[in-house]
Amino acid sequence: MLDFYDYSFYMERCLELAKKGRGFTKTNPMVGCVIVKDDQIIAEGYHKKFGGLHAERDAINNAKEPLEGAELYVSLEPCCHFGKQPPCTQAIIDAKISKVIIGAGDPNPKVAGKGIKILEDAGIEVVEGILEEESIKLNKIFFHNLKYKRPYVTLKAAMSIDGKIAASSGESQWISSERSREYAHKLRGVNDGIMVGIGTVLADNPSLNVRIEGGYINPTKIVVDSRLRIPEDAKLFSSSEAQTIIYTSEDYDREKFKRLSERENVKIIVGRKEGESLNLKYLLEKLLGEDIGNILLEGGPGLSYSMLKEDLIDELIFFMAPKLIGGQKFSVIGGEGFETLTSLKNVYNMTFEKIGPDLMVQGYLRKGD
């Protein structure tokens, strides 16, 4: 009989396979699957892209021999409902698998233990909780989406060591090193969306795409623009590879709204103002409905502060260059700031890594993340 460590060997392989789906599964989880018979791996699979085959069906399809009596290892509880794909539980039953070993349970209310019960009711032995912590950590974004009903948001910024994102003239290219910029583009490639405020668009005219090789998908471009000031010839419109979503209020030019909304791959979401600001939580809820599971927030200072103030930032990644700029302008986070030390935001589980000459600082805005 296999013990925990034997189960872990094959589950580790499931997690390795699952990671291949990073950046492609959107609001679906990353899942890997291994099928074992007579102590030999006879098939492997993983969830390759959003809407595609789930890991279990991918592995079953890849098998070159009968699966009756085999053991199936999967990093997340098999689904038991019809979505973009049929239930994996039925595929497992039909394949006459005798035993299923699971990394973590699926928190989706449509599954949440129901998949395990269906398998057990069909006479299949189920083992749960193998490398559970690692399986949950791998899919922290999926778990976050279900818990908070919004995308996971990472604030990314490049700055001088004294926290400035531009020189006093406004010049900002390039504060960080080439190595840091390459890493930042990899971050874009594994996020479903990249979000900026209209100030960043007007100041920098960014393309908001991924400019490195490696098979990355360009993220959805999201611009918070309460008065629809975005230039119609902005660079971010130059490519139709990725959708552009503009979030505005009812305070916009009707003709301009019509012209933009008629463009290919452009969507405008009209939100409600709360005072002078747009309701950002409403935007994030709408974006999750667009299957955007995680967002890279790239500023500017005003939007970063508003998101922070509303507790809508989950993680931060700062690239700090060994430079000093000084002055009162162009801080990474703007706004009026927090008035007291008891009202400020704490950062947890911070890590530090050298990226070329720069220091990458990573941390989380919630305990336990």
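Which residue in β16 does Tyr 348 stand opposite? Tyr 364 is the partner there, and point 3 comes back to that strand. Here are some notes to go with the model, which is a predicted one.

1. Overall build. The chain contains 11 helices and 16 strands. Its radius of gyration is 23 Å, close to the 21 Å from the globule rule for 369 residues, so the chain is as compact as a globular protein of that length. If you want dimensions for a box, the C-alpha trace spans about 70 × 45 × 40 Å along its principal axes.

2. Burial, contacts and surface. Of the 369 residues, 49% are buried. Taking contacts between residues at least 6 apart in sequence, 70% join residues at least 24 apart. The exposed area of the chain is about 18,200 Å², and carbon and sulfur atoms supply 48% of that area. On the charge side, there are 49 positive and 54 negative side chains, with the centres of the two sets 5 Å apart.

3. Strand β16 and its two partners. This strand covers residues 358-364, and six of its seven residues are buried, so β16 is largely enclosed by the rest of the structure. Strand β14 (residues 315-321) pairs with β16 in the antiparallel sense over six bridges; within that pairing, Leu 316 has Gly 363 of β16 as its bridge partner. Strand β15 (residues 348-355) also runs antiparallel to β16, and six bridges join them. The opening pair, Tyr 348 and Tyr 364 of β16, stand opposite each other.

4. The turn between β15 and β16. These two strands form a hairpin with two residues between them. Gly 356 takes a positive phi near 60° in this hairpin, which is a handy angle to look up if you are checking backbone torsions.

5. His 185. You will find this residue in helix α7 (residues 178-189). Is His 185 buried or exposed? Its relative accessible area is 11%, and buried means under 20%, so His 185 counts as buried. Leaving aside residues up to four places away in sequence, His 185 touches Asn 209, Val 210, Arg 211 and Ile 212.

6. Ser 277. This residue belongs to strand β12, which covers residues 277-278. With a relative accessible area of 39%, Ser 277 is partly exposed. How far apart are the C-alpha atoms of Ser 277 and Ala 59? They are separated by 49 Å, and the two residues are 218 residues apart along the chain.

Key
Residues are numbered from 1 along each chain as its sequence is written. This is a predicted model: local features need pLDDT of at least 70, side-chain atom pairs count only at pLDDT 80 or more; totals for chains, interfaces and linings use all residues. Side-chain values use heavy atoms; hydrogens and water are left out. Helices (H or I, at least four residues) and strands (E, at least two) are DSSP runs, numbered from the N terminus. The radius of gyration is taken over C-alpha atoms; the globule rule is 2.2 Å times the number of residues to the power 0.38. Buried means under 20% relative accessible area, exposed over 50%, partly exposed in between (1.4 Å probe, protein chains only). Contact means heavy atoms within 4.5 Å. Accessible areas come from the Shrake-Rupley method with a 1.4 Å probe; for residues, only the protein chains shown count as cover. Lys and Arg count as positive and Asp and Glu as negative; His and the chain ends are not counted. The place of a charge is taken as NZ of Lys, CZ of Arg, CG of Asp or CD of Glu. Two strands pair if DSSP finds at least two bridges between them.
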